[in-house]
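Where should one begin when reading a structure of this kind? The paragraphs below start from the interior and work outward to helices, strands and loops.

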Amino acid sequence: MKYPLKGIILLLIVNQLSGQEIRVSDDLILKKISNNCYVHTQNNNNGLIYINNGQAIIVSTPDSDIETQNLIDWVRNERHSKIVGYIIDRWHPDAMGGLDIVQKNDIKTYSYELTRQIAREKGLPIPEIGFNSQKVINVGDKKVICNFLGEAHTTDGIVVWIPSEEVLFGGNEIREHNGWVGNISDANLDKWSETAKRIKKEYGAAKIVIPGHGNYGGPELIDYTINLYDLSPNVSTEKASEVFLSTELKTDNVIFIKAEYDSLHGGERILKNAIVVVQDSTKFIEIESPQIIYQPVNQRINSETGRVKIYDKKNDKEILRIDVNYNRLIVYEYDNTIGFVVVLRGIENNNRN
Ligand SMILES: [Zn+2]
């Protein structure tokens, strides 16, 4: 009884030592993962630093200006390296929220051309140098490869490959091994698994794979992602219900509810056999479930099981992008540019034949 416990404690100590954690600030932590690579993490949100011969490149910004500056200062002051580029791997604020600070530091910024386009449309700071599908950047006498391999968590997410270290930054294209499907509000669920297969084909030999959130691992994270989003044969293409075509939704109403029973318990509305539609400037989210819990104060929705559809608003038309059955759903407003996020624990094929 005592023996295995000792083993576990020893393992924990060894793990902590080998992690080589560097605390840059209260919020920003670095972990050395190979000779010349560090993962930077703020609020469970990962990025990468690669240093070679006095030059450095950083991938993904923390979502705050302060931590982005702390990160840049650490590379310059503690590692005495010139930052030759900053790679933005997707348009979401947890990847480019600190972009304006990077640009104020006179660092060249790189992104997939579509990321620049989305940033322009949303009125966000725009990465300086765009590329189509692939970009090779020199760091010292080594190369770093940025690659767009298809739509997944967003339409514009890229991966970054450091050949000399065999390290792959998978961004949000790759999921951590925690059993949650994550935020799918801007995702292409039909393509995600295929995109991950393409990542495996190109970089399946990676020694270390870093997901956008959570713990890094090896290439098994790519396989995990392929399976997690594998909804084959296909997601239901059943026609949309007419719910959100009602005129009420064309007004300022953010949330429109149809429910068989609607009761209030401690500030929460418990909706039975309900359909709830949430909208922001770019999309409608329609939730259909035996039970939906709605918190009016913070406009947050929880539900254990049901069906969720996401429609994009395109030139006054609604285009169905996602239609899946879920287990465990959380919907809440992130900010003005992202709008509502839809976080799921599990997704299932919609078998309504
Ligand atoms: Zn994201």
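**From the core outward**

In this predicted model, the largest nonpolar core has 86 residues, of which Y50, V160 and I285 touch the most other members. Residues of domain 1 (17-228) and of domain 2 (243-348) both contribute to this core, so it lies between the two domains. In soluble globular proteins, nonpolar side chains tend to be buried together. The surroundings of I285 can be followed residue by residue: once its neighbours within four places in sequence are left aside, I285 is in contact with V277, V278, V308, I310, V331, F340 and V342.

For the protein as a whole, 41% of the 353 residues count as buried, and the secondary structure comes to seven helices and 20 strands. Among the contacts with a separation of 6 or more, 54% are accounted for by residues 24 or more positions apart.

Two of the helices show how burial is arranged around an axis. Helix α6 (residues 192-203) has twelve residues and reaches 16 Å from its first C-alpha to its last, which is close to the 16 Å expected at 1.5 Å a residue. Its buried residues are W192, T195, A196, I199 and Y203, and because they cover an arc of only 100 degrees around the axis, they are on the same side of α6. An α-helix has 3.6 residues a turn, so residues three or four places apart point the same way. The buried residues of α6 pack against β11, β12 and α7 (220-228).

Helix α7 offers a second case, with L221, I222, Y224 and T225 buried. Seen down the axis of α7, these buried residues fall within an arc of 160 degrees, so they line one face of the helix, while E220 and N227 are exposed on the other side. The buried residues of α7 pack against β12, α6 and β14 (208-211).

The strand β11, against which α6 packs, can be traced back through its pairing partners. Strand β9 (residues 134-139) and strand β10 (residues 142-147) pair in the antiparallel sense over six bridges, and they form a hairpin with two residues between them, where G140 in the turn has a positive phi of about 60 degrees. Strand β10 in turn pairs with β11 in the antiparallel sense, over three bridges. Residue I145 of β10 takes part in both pairings, being the bridge partner of V136 and also having W161 in β11 as a bridge partner.

A further hairpin is built from strand β15 (residues 255-265) and strand β16 (residues 268-279), which run antiparallel and are joined by ten bridges. Here H265 stands opposite E268 in β16, and of the two residues between the strands, G266 takes a positive phi near 50 degrees.

Positive phi values also occur in residues that are not glycine, and two loops provide examples. D106, in the loop between α4 (99-104) and β7 (109-112), has a phi near 55 degrees. Is D106 buried or exposed? With 7 C-beta neighbours inside 10 Å, D106 counts as exposed, because the limit for that class is 12 or fewer. E166 has a positive phi of about 55 degrees and lies in the loop between β11 (159-162) and β12 (167-171). With 15 C-beta neighbours inside 10 Å, E166 counts as partly exposed.

Definitions and conventions. Residues numbered from 1 in each chain as written. Predicted model: local features only at pLDDT ≥ 70, side-chain atom pairs only at ≥ 80, totals over all residues. Pairing = 2+ DSSP bridges. Helix = DSSP H or I, 4+ residues; strand = E, 2+ residues; numbered from the N terminus. Buried ≥ 20, exposed ≤ 12 C-beta atoms within 10 Å, placed from the backbone. Expected span 1.5 Å × (residues − 1). Arc of directions from axis to C-beta. Contact = placed C-beta atoms within 7 Å. Core = buried A, V, L, I, M, F, W, Y, C linked by C-beta atoms within 7 Å. Domains from an automatic or database assignment.
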